[in-house]
Every structure is written in structure tokens, then in C-alpha cells.
Amino acid sequence: MKYRPTRRTRRFGIGAAAVIVLAGMNGPALYRFSSDKYHAYKINQPEYKAENGHWDVVNVPDQYRINTIHAALLHTGKVLLVAGSGNNAKNFAAKSFRSVLWDPEKNSFTNIPTPKDLFCSGHSQLPDGKLLVAGGTQRYEKLKGDVEKAGGLMFVHNESPDKPKTLPAGTRFTGKENGKTFESKDPLLVPRAKKTKNPKTGKVTVTASTARVYVEALRKGKKYQTGTEDNYRIAGLKGKDRQNFYGIAQKLSFDKKDFQGIKQAYEFDPEGERYIPVGPMNEARWYPTLTTLKDGKVLAVSGLDEIGQVVPGKNEIYDPKTKKWKYLPKQRFFPTYPALFLTDKGRIFYTGSNAGYGPDDKGRTPGIWDPKSNRFDVVPGISAPDALETSMSVLLPPAQDQRFMVLGGGGVGEDPTSTAKTRIVDLHADKPRFKNGPDLYAKARYPSSVILPDDTVLTTNGSGDYRGRGASNVLKAELYTPRTNTSRGVADPLVGRNYHSGALLLPDGRVMTFGSDSLFADKANTTPGEFQQQIDLYTPPYLFRDSRPKLAGAPKTVKLGAKTTYRTAHASAITKVRLIRPGSFTHVTNVEQRSIALDFTRTKDGVTVTLPKDASVVPPGWYMLNAVDDQGTPSKAVWVKVPAAAKK
């Protein structure tokens, strides 16, 4: 009998032949098509998700899409997304400042009126659950070729001990020698002069006060710049003020103008969902770090000031009770966005991580700092010390162990150098010293690390070059296990994320990633990049298991050292309980996040947990509490408020 192919077989044969012809004509494209389809199939298989986790895209309506620069988890379970002007000079000029409140559980969004440009501010969780946001942008940088008006720094002096004076924005200064006029761009408070009396001679000495303000020429053109120091008369003054108040400036030119900071500070109220103004900082700050201390006060460090210079070691503390700031008695210099963590002795550990501005030979050495005495003990041994800028730092879980990890990083400024090094230090060692951990998935600046409830650390993304130049975004992620000092790759992220990106743990155990601000979109660095507004969610492997613990009951407020009981089925399966501080992430910096191990005992239908007594381990504020079962699966978090310790 002669074989006769069926219609289906003939169709398959023709299709196969066509595929062979197409493969011959366009083999690589066909391979990529097949490979992409297979990859999409593979990552959606249950077995793959259970081993590597899974990424999903958050559906964000157009009216809520912003250039997310900052993100903080609030005790309401919502996430405050802050763009300010979003690194967009046009938005800044238009005073278009954005914040959006996102509810991950409902995937709902709310636009929040934003009072100032909070782009490049600092933020920290307060004991009552509000978020302190301080600093931001007063003026955008201008590269040397873009500066149209001569300008620079004017020192304004007051020789009168009788009164201070506020000079409004637009105040004009005219040089006595050069005759050129400049105007201030911001209002300026010039303090009264200081009067001191010699107790032995009775002689009174008056020392003039000094304030600084940025000034610009009235018109464009090279002829309006100056080259030498001059004394400047201030327009609009009368009587003795004309002699007592004057300006002094060096060169006022067309040099590059850096970003400039603001002094304003706000508390964001999660309940009222609004910004509330509080006392301004003593120093203007752009790129500052805010670190919560054991008494609930907040330390503000570094940043660019109102004339674009790194704040010269003038650090200050915010008191949530008085809503005011107070200088530390002694100065210590740090580069901008330094990674400063509260340690279990109430001191501050500087890991060496930072996000940018500052000289390459000052304030970059890791060490333990006592802000009260200003003592600084260097912690040696860190590898790739010249590649700490744009590195990530994490207090490894559990926090009681006081072990810190520094991941990746790059050279100072726009240096193309990057590293895959991870470095670990144990502050409980007799002589703390950094040692190398397992290398990252790639050389990476701007990696984002998040502590998970099962005591692993998820690290994701980054780029091999400054701001993703040369198409150097890294589409990799890994889980690190501190107990074994090992890491393993997990599901690849969906998009590249470098500068102005970050990640946060959510109460349901997932991780959100946001942002990215590439300079260029191509390998040749010819196509300008666009801000990545997509928000993604990573579901870790532990959420693809059959069962999950649930917690119920217990009061919302639990004091340090106190016990409380939660109901849960299958209490015998609970192996650990963790108290996790909600994150507050920006510019490779999240010094808020920490995971604290809680002692616990099992009851017939629940677990009784005991909080540590040390406020340096558990600074006051709201926390997520998770129970983890013998399969490593955490419960959804329940929120717990830990009040400040009573003063003895």
C-alpha cells in the first residue's frame, strides 16, 4: 500500500520546511525568538518559581507614574513614593513636585501634594510612625558650558551686635572696585554680631557675623564676571545698616555650578496622608543621610549646602518632641549619602558606602563613630577601598549579631571602575576587620539589597559603569544566606536598574523594585536614557510553598523587654520570629532596614515572643513581625509599635 500523508502531516511538513528556509535566511533572529519563548515558558513553571521566585509588573495608571527617587514603607502598609522634581530641570522650573502613595494590597494610588522639591532629600522612620523627610533641591546643577550668568558665593557680614537682618531674594550687591552688580537668588538671614566682654579688663569686643548666599549677574555675558576679591555694597539699606552690612566675594564666574540644598524638613503623616512642616535644619542639605538613634531622635549628616559645597562636618540632631534641630558639639566630615548604621552600643558604624559628592581622600574610611565624644575607630581590611562609592550596605540578619555587608560599588564620581566584591565585618569580634564574602553576580554599582524574613538577603540589579553607561545594566539577582556565607542566583529582573533605583520589603513578604536613571540607552552612548518608571514585584521562593503561617491577636504596642502572645495554627512548626523595621530607600542607601531575632516559646495555639531590652538593637518605631515555619515560609507581617525606652 502506497503511503499518503494526511492533510495535517502535509501542513506540518510545509511549516517545517518554511522554518528550515527561514532558519537559513535569518537563523539568529529565529533562535532568539525560540529562546525568548522558551525562557518565558520556563520561568512560569511551578518548579522554577519554587526554586527561583518570580517577577511581575505593577499596573500603575498613567496619572500616577512618576520618577521615583525615594520610597519608604509606612506602618499603614502603604508605600510613599517621592520624586520631587524627579531629576528633571523642567519640572523644577515649573515647580512641579510629585509624591504618590501606593497601597500594594489594593494596588491603589493617591497623589500627595508636595510642598518643596524633596528630590535628593534624606528620610527616616520616627517613633510615632511618621516619616521624617529633610533637605532637597534649592537649585539644579549647571555644567560649565551651560552657565549663562556669572555667579558664585557671596559672604555677607554684619558688624552690629544689636540686631540680625533678613535680606530678601533679589537683594543687589555692587562691587566697590569693579562696579559690577549681582543679585541674591534666595532670602538670607544674617545673624547679629557677637559681643564678648573680657572679665579682667572689661573691654568689649565685637566679632562680625557671616552668612552665605549664592548670587548671579543681572545680565548674561562674559563681561559681567569678576576675577578678584571685592567688597560689595548692599542696595536698599539705610542709616547705620549701610556700614554694618556688606558683602565680600572672590571670583564670580562661569564655572560649573553644583546642586544646592534646602533646610526645610517635614514629617509625613501616614494617617492624614500629608506633609507637615517642622523646624528647618541648621544646614541646607542635598544628598544627606538621616539615621534614627536609640532614643528616637534622628541624626542628619552631610549633603550639599545652599551654595553647592559638601557640608563641612556640621552634623545635627532632630528631636521629634520639640520638632527642632540641634548641632552636635563637634564636627566630623562624611561624603554625601554615607551609610551610617546605629550599632548595639548606641554608636554609629560607617561602612564606607556613599553615593557621591566629596573629595576622594577625605571621610571615606570605614569606622565606628561616637557622635557624643566624636571618637572614630577605624575598621580596617575592606577590599577594593577605592570602589565604595555607589556600593550597598546591609546590617545582616539577625541584627543582634552586628555583622555588616558591603556589596559592589565603583570609583569616585564618573569613574568607570566597578567591583563584584562583597565585604563582611563582625563588630562583635575582638578586633573588627573586614573579610571578603562571595562575589556578587557581576561587577555592579547601585545594587539594591533587601533583608527577607527568612534571614536571607535579596540583591538585585545595578550597572557595571556609571549610571548604566555603555548598556552596562545588570539583569541579575541573588539570595545570600548569612548563616552559610553562600549566595545563589534567582530569577532575573525584568528591567535594568541603576542610579536612582531601589527596593523595599513589603508586609506580605514580596519585594518591590523601582526607578533607574540611565545616562544613555545604547552601548555607543548616543541615545539619551529615559527614567524607568516601571515598578516590579519579586515574589521570593518561600511564597510558592503549600502552607503559610498566620498570626492573630496581641496588642499593637509592645515595650522593650516585654512579652506578647500571638495565636497561630500549627504553632509547633514555628522555628523563628523576626521583627523587621520598614525600609526607607534612596541612592543605594537604606540604613533603616534591620531584622531582629525574637526569643519565643510555643503555646498550645500560639507563640509568646519577648522583645530585646536594648534600644540600640530595637530603636523606637513601628515594625513588621513575622513568624517563620520549618519550611522557611514567613507569615504575613503584623504591625507592632515599639515605644522609646523610659529614661532612667
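# Worked exercises on a predicted model

Trp102 touches Val58, Lys78, Val79, Leu81, Asn107, Ser108, Phe109, Leu506, Met512, Ile535 and Leu537, leaving out residues up to four places away in sequence. Keep that list handy for the first exercise. Bear in mind throughout that this is a predicted model.

## Exercise 1: the cores

Task: find out which residues touch the most other members of the largest nonpolar core, and name some residues of the second core.

Solution.
- Step 1. The largest nonpolar core has 70 residues, and Val79, Trp102 and Met512 touch the most other members.
- Step 2. Go back to the contacts of Trp102: Val79 and Met512 are among them.
- Step 3. A second core of 36 residues is separate from that one, and its members include Ile368, Val425, Val638 and Val640.

## Exercise 2: the chain as a whole

Task: work out how the radius of gyration of the protein chain compares with what the globule rule gives for 648 residues.

Solution.
- Step 1. Start with the inventory: the protein chain has four helices and 47 strands.
- Step 2. Its radius of gyration is 28 Å and the globule rule gives 26 Å for 648 residues; the two are close, so the chain is as compact as a globular protein of that length.
- Step 3. Now the extents: the C-alpha trace spans about 120 × 70 × 45 Å along its principal axes.
- Step 4. Of the 648 residues, 54% are buried.
- Step 5. Accessible surface adds up to about 29,800 Å², with 51% of it belonging to carbon and sulfur atoms.
- Step 6. For contacts between residues at least 6 apart in sequence, 61% join residues at least 24 apart.

## Exercise 3: salt bridges around Asp455

Task: say which parts of the chain Asp455 and Lys576 tie together, then do the same for Arg578 and Asp455.

Solution.
- Step 1. A bit of background: side chains of opposite charge can pair when their charged atoms come close.
- Step 2. Asp455 and Lys576 form a salt bridge, with the closest N and O atoms 3.4 Å apart.
- Step 3. Asp455 sits in the loop between β34 (448-451) and β35 (457-460), while Lys576 is in strand β42 (residues 574-580), so this pair links parts that are 121 residues apart in sequence.
- Step 4. Arg578 also forms a salt bridge with Asp455, and here the closest N and O atoms are 2.8 Å apart.
- Step 5. Arg578 lies in strand β42 and Asp455 in the loop between β34 and β35, so the pair ties together parts 123 residues apart in sequence.
- Step 6. Check the burial: Asp455 has a relative accessible area of 11%, so it is buried, and Arg578 is buried too, at 8%.

## Exercise 4: a strand-to-strand pair

Task: where do Arg172 and Glu183 lie, and how many salt bridges does the structure hold?

Solution.
- Step 1. The structure holds 30 salt bridges.
- Step 2. One of them joins Arg172 and Glu183, whose closest N and O atoms are 3.9 Å apart.
- Step 3. Arg172 is in strand β11 (residues 172-175) and Glu183 in strand β12 (residues 181-184), so the pair ties together parts 11 residues apart in sequence.
- Step 4. Is each partner buried, exposed or in between? Arg172 is at 40% relative accessibility, so it counts as partly exposed. Glu183 has a relative accessible area of 19%, and the cut-off for buried is under 20%, so Glu183 is buried.

## Exercise 5: two loop residues

Task: decide whether Ser302 is buried or exposed, and do likewise for Thr526.

Solution.
- Step 1. Ser302 lies in the loop between β23 (298-301) and β24 (316-319).
- Step 2. With a relative accessible area of 2%, Ser302 is buried.
- Step 3. Its side chain reaches the backbone oxygen of Pro335 at 3.0 Å. Beyond its neighbours within four places in sequence, Ser302 has contacts that include Arg285, Tyr287, Phe334 and Pro338.
- Step 4. Thr526 is in the loop between β39 (511-515) and β40 (536-539). Its relative accessibility is 56%, so Thr526 counts as exposed.
- Step 5. The side chains of Thr526 and Asp522 make a polar contact at 2.5 Å.

Conventions: Residues numbered from 1 in each chain as written. Predicted model: local features only at pLDDT ≥ 70, side-chain atom pairs only at ≥ 80, totals over all residues. Heavy atoms only, no water. Salt bridge = Lys/Arg side-chain N within 4 Å of Asp/Glu carboxyl O. Helix = DSSP H or I, 4+ residues; strand = E, 2+ residues; numbered from the N terminus. Buried < 20%, exposed > 50% of the residue type's maximum accessible area, 1.4 Å probe, protein only. Polar contact = N/O pair within 3.5 Å; in protein donor to acceptor, adjacent residues only side chain to side chain. Contact = heavy atoms within 4.5 Å. Rg over C-alpha atoms; globule rule 2.2 N^0.38 Å. Areas by Shrake-Rupley, 256 points an atom, 1.4 Å probe, with all protein chains shown as cover. Core = buried A, V, L, I, M, F, W, Y, C linked by side-chain atoms within 4.5 Å.
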